[in-house]
Amino acid sequence: MNLSRKEMLRLIGAGAGAVALGSAASPAAGSETGGRGDIVRDVAVIGGGAAGTYAAIRLRELGQSVVVVERNGRLGGHTQTYTDPATGGTVDIGVVVWHDQPLVRQWFERFDIPLRKASFGGETLYVDHRTGRAVPDYTPPNPAAALALYGEHLARFPYLEYGFELPDPVPTDLLLPFGEFVRRYDLDAVVPTVFQFGQGLGDLLRQPTLYVMKNFGSDILRNLQIGFVSTSRRDNSELYRKARTELGDDVLLNSRVVSTDRDGARHATVRVDTPAGRRTIRARKVLVTIPPLLGNLDGFDLDGLERHLFGQFRNSAYYTGVLRDSGIPDSLQVRYIGLDTPHHLPELPGVYNIAPTGIPGLHNVKFGSPVALSERAVQAEIRASVRRLGEAGTLPATPPELATFASHTPFELTVSAEAVRAGFYRRLGSLQGRNRTFYSGAAFHTHDSSLIWQFTETLLPRIATA
Ligand SMILES: Cc1cc2nc3c(=O)[nH]c(=O)nc-3n(C[C@H](O)[C@H](O)[C@H](O)COP(=O)(O)OP(=O)(O)OC[C@H]3O[C@@H](n4cnc5c(N)ncnc54)[C@H](O)[C@@H]3O)c2cc1C
């Protein structure tokens, strides 16, 4: 980053003043269409999820013209809202909560979307993930003391809150598998809490501690105390619908990049297949916010370093859905545990939990795996998990209908501890601004929308002035 830590804190609102988000759409300066039908912009933003949408709106406020290329038919990425056709009620089955901090509050105020404090109350039934039997004598450890100790360890690594600017050498504690870190520092009691918050991280105990601490960091601890926020209208996608309306023709939905040429003297050329045919974008800069896996960057003119770095990423898998008429009581959360597994974590692939939605007859199910699975296999395992509840006599559960189901895979992108030690993230950081290209999104920070917005915010001045 070019910004000093002080400037960064000021921008994210942790200092004296918070970033001033505009309240109206800025004119997209220089957003004329080229004579031959080319789309001419300052910045081509690839991906319209948390990072891409935030960047596009803010770059326009900074006087930059943008175009967003999004492969889905909507903006929002992992933010996904199911609308029950029977009641009209909504369920956020993807992103649920954000940090209570100035940048987040101003971002939602900007779109006139009221926030409320999120609540996670309700009765929880712990169930053996193998048999579906209730485990009435299981009580999760009280994490309070261990969380305080965990916080002290986090304080040793303050840079984890902002991207991957790791010191050289990288502290060996950050490279330990998290299970070993927990053993070494007597942190057993935090594991169930970290596991639930870190849904989607794959095999939590084997992940290098770096990734766990980035995901379950000090601002998460702060928000566990003061309370996270969510939307009062229980429709987190409203943000992205409003952003899409504001961005108008500057969003290309259902579109994919077929080729890029970033070598041009004055601009990069990005060719995109859209529902209206192939379009050519000429942009001075490209901001990539999609998961930077080689398979997802097909058509990009990657150079040797980019190919070498992105080729090292591996990913976990995360799935979500809505169960209809499962027989599980409306107000009950079912949480799966292992009887003989370390820290009683359920084995993955498997169901994390089945949670009430506030709509009668509907529950939200979350499923994780260290590697991608076929959607059919995941759906079958979800149904089997519910069936076992009935067969074991735990609940009057019956194999439910999946009212909706979505794969949020690839999820967490990680590299090996050896690669981190060898300077992977230093080299990844060196890609910012190279080849007219900048990067944001979860792979460049962590799977946390609030922190991704912060990270993106710190990057914007560099993009705007490049
Ligand atoms: C079930 C679930 C629950 C979660 N809950 C929370 C939560 O409560 N709070 C929280 O802060 N975070 C939560 N997260 C984490 C969330 O993933 C991140 O906060 C955030 O969405 C990541 O932002 P991003 O921009 O990196 O990725 P995304 O939001 O996924 O955006 C990437 C976008 O790029 C698009 N894309 C991908 N490949 C291409 C391509 N080749 N071409 C064009 N477009 C492409 C995608 O369609 C997507 O729109 C949750 C995630 C999941 C899956």
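These legends go with a handful of close-up views of a predicted model.

**View 1. The largest nonpolar core and its best-connected residues.** This core takes in 107 residues. Y150, I281, F313, Y425 and W453 are the ones with the most contacts inside it. If you're looking for the element that gives the most to this core, go to helix α2, residues 50-61, which supplies six residues.

**View 2. A second core, separate from the one above.** Here the set has 20 residues. Among them are V334, V378, V386 and A397.

**View 3. What does I281 touch?** Leaving aside residues up to four places away in sequence, the list runs to I39, A44, V67, V69, L252, A268, T269, V270 and V272. I281 also belongs to the group with the most contacts inside the largest nonpolar core.

**View 4. The salt bridge between E246 and R110.** A search of the whole structure turns up 28 salt bridges, and this is a good one to zoom in on. The two side chains meet at 2.7 Å, N to O. In sequence the partners are 136 residues apart, and the pair links distant parts of the chain: E246 sits in helix α10 (residues 238-247), while R110 belongs to helix α3 (residues 102-110). Are the two partners buried or exposed? R110 counts as buried because its relative accessible area is 9%, under the 20% cut-off. E246, at 21% relative accessibility, is partly exposed.

**View 5. R324 and E401, a salt bridge from strand to strand.** The side chains of R324 and E401 come together at 3.5 Å, N to O. R324 lies in strand β13 (residues 317-324) and E401 in strand β17 (residues 401-407). That puts the partners 77 residues apart, so this pair, too, links distant parts of the chain. R324 is buried, with a relative accessible area of 19%, whereas E401 counts as partly exposed at 46%.

**View 6. E381 paired with R388.** In this salt bridge the closest N and O atoms are 2.9 Å apart. E381 is partly exposed, with 28% relative accessibility. R388 comes out as buried because its value is 19%, and buried means under 20%.

**View 7. A network of salt bridges.** Which residues are joined through shared partners? They are R58, E61, R110, E246 and E457, all in one network. You'll recognise R110 and E246 as the pair that meets at 2.7 Å.

Note on methods. Residues numbered from 1 in each chain as written. Predicted model: local features only at pLDDT ≥ 70, side-chain atom pairs only at ≥ 80, totals over all residues. Heavy atoms only, no water. Core = buried A, V, L, I, M, F, W, Y, C linked by side-chain atoms within 4.5 Å. Buried < 20%, exposed > 50% of the residue type's maximum accessible area, 1.4 Å probe, protein only. Helix = DSSP H or I, 4+ residues; strand = E, 2+ residues; numbered from the N terminus. Contact = heavy atoms within 4.5 Å. Salt bridge = Lys/Arg side-chain N within 4 Å of Asp/Glu carboxyl O.
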